[in-house]
Amino acid sequence: MIYTCTLNPSIDYLARVEDFKEGQLNRTSDTFIYPGGKGINVSRVLKHLGIESTALGFTGGFTGAFIKDFLTQDHIQHDFIDVSEVTRINVKLKSHKETEINGQGPLISIENQQNLLQKINNMSKGDFLLLAGSIPPSISDNFYAEIANKCMVKGVHVVIDAAGEALRKSLSYRPFLIKPNHHELGELFQTNVHNKEDAIFYGKKLLEAGVQNVIVSMAGDGAIFLNQDTVLISNVPVGTVKNSVGAGDSVVAGFLSQVTQEHDFSTAFQYGVAAGSATAFSEDLCTLEQVESLRKQIVIEEIR
């Protein structure tokens, strides 16, 4: 089973304004409302790719109910813990530039946190658990590390798509996969990652720290996959970028969709890049047809 965990989900309200003017009345030309959060995005993409998962996390109020109803209608399993405050709303404004206004999120009590840890205790050896996104202010930044430690002991493959201290503190617990972009990779080592050579150098340092597999997104310059056995480089397909929301999550989902079916890392990496690109070229998250179409353009080169 694949589980995705979003500690601080959201409703994402996407509004397109053709000529946004600050301080004036603006009218939208298009609006979209989706359940948001990195883990939820991964569950949605996995469903599009024909892979089942269960979405975990915390939801509350009418906004939390919307998320659960949306996933139920899409036949995506979920097992959220109800909290007393409402799930946040994030605003994504698309005009001359793309602007985001993200809510803080609800208070997560110690009891809520313990309930989630109990669900993780009930997982089985060989399961996959994705920890994705930011940690709410009411939860310690040690929380991902605590979960990763439990998973390591139980034989659950933990995937972490996060940044900063929450990720740094988890590295020694042998996560199965992490997926920093080149900016996040540089932040981990207090430096700047300018090119693929830099990404490979610092990616290997993550392997030395305990991570089993690493994917580094390099934006328009492709992506890099590393583990102890190989280093793979991918190009990116040709297309018009319409959407940055969920592209990185789609990389993780595409990769997991193949690894969990026991396909090799090269195939999984190719699917990940295809899925991430397909989402970037779409208004919403990618479909299987889009992924399969773009996969033909993606060349994976092994350099070690």
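Gln 190 is found in the loop between α6 and α7 (helices are DSSP runs of H or I with at least four residues, strands are runs of E with at least two, and both are numbered from the N terminus). Gln 190 has a positive phi of about 50° even though it isn't a glycine. With 76% relative accessibility, Gln 190 counts as exposed; the scale here is buried under 20% relative accessible area, exposed over 50% and partly exposed in between, using a 1.4 Å probe and protein chains only.

Before going on, a word on the model: it is predicted, so local features need pLDDT of at least 70 and side-chain atom pairs count only at pLDDT 80 or more, while totals for chains, interfaces and linings use all residues. Residues are numbered from 1 along each chain as its sequence is written, and side-chain values use heavy atoms, with hydrogens and water left out.

Another non-glycine with a positive phi is Glu 262, at about 65°. Glu 262 sits in the loop between α8 (247-259) and α9 (265-280), and its relative accessible area of 75% makes it exposed.

**Helix α7**

Helix α7 covers residues 196-209. At 1.5 Å a residue its 14 residues should span 20 Å, and the end C-alpha atoms are indeed 20 Å apart (the expected span is 1.5 Å times one less than the number of residues). Asn 195 caps the N-terminal end, with a side-chain oxygen 3.2 Å from the backbone nitrogen of Glu 197. That fits the rule for a polar contact: N or O atoms within 3.5 Å; within protein, one must be able to donate a hydrogen and the other to accept it, and residues adjacent in sequence count only if both atoms are side-chain atoms. Just after α7, Gly 210 takes a positive phi of about 130°.

Which residues of α7 are buried? They are Ala 199, Ile 200, Tyr 202, Gly 203, Leu 206 and Leu 207. An α-helix has 3.6 residues a turn, so residues three or four places apart point the same way. The buried residues of α7 pack against β11, α6 (182-188), β12 (213-217), β13 (223-227) and β14 (231-234), where contact means heavy atoms within 4.5 Å.

**Aromatic rings**

The whole structure holds nine aromatic pairs. One of them is Phe 201 with Tyr 202, an edge-to-face pair at 4.9 Å centre to centre and 90° between the planes. Rings of Phe, Tyr and Trp (its six-membered ring) pair if their centres lie within 6.5 Å; planes under 30 degrees apart count as stacked, over 60 as edge-to-face and the rest as tilted. Phe 201 is partly exposed at 45% relative accessibility, whereas Tyr 202 is buried at 17%. Elsewhere, ring pairs link Phe 225, Phe 255, Phe 265 and Phe 269 into a cluster.

**Strand β10 and its partners**

Strand β10 (residues 157-161) is largely enclosed by the rest of the structure, because four of its five residues are buried. Five bridges join β10 to strand β9 (residues 128-132), and the two run parallel (strands pair if DSSP finds at least two bridges between them). Ala 132 stands opposite Asp 161 in β10. Two bridges join β10 to strand β11 (residues 177-178), again parallel, and here Ile 160 has Ile 178 as its bridge partner.

Together, β9, helix α4 (residues 143-154) and β10 make a right-handed β-α-β unit: with the strands pointing away from the viewer, the path from the first strand over the helix to the second runs clockwise.

**Three buried residues**

Here are three buried residues and where to find them.

| Residue | Place | Relative accessibility |
|---|---|---|
| Thr 87 | loop between β6 (81-82) and β7 (88-94) | 2% |
| Val 252 | helix α8 | 1% |
| Tyr 34 | strand β3 (residues 30-36) | 15% |

What do they touch, leaving aside neighbours within four places in sequence? Val 252 is in contact with Val 42, Leu 130, Val 159, Asp 161 and Lys 179. Thr 87 touches residues including Pro 9, Ser 10, Phe 58 and Pro 106. Among the contacts of Tyr 34 are Ser 10, Arg 44, Phe 66, Phe 70 and Glu 283.

As for distances, Val 252 and Ser 293 are 41 residues apart in sequence and 18 Å apart in space, C-alpha to C-alpha. Tyr 34 and Gln 118 are 84 residues apart along the chain, with their C-alpha atoms separated by 28 Å.
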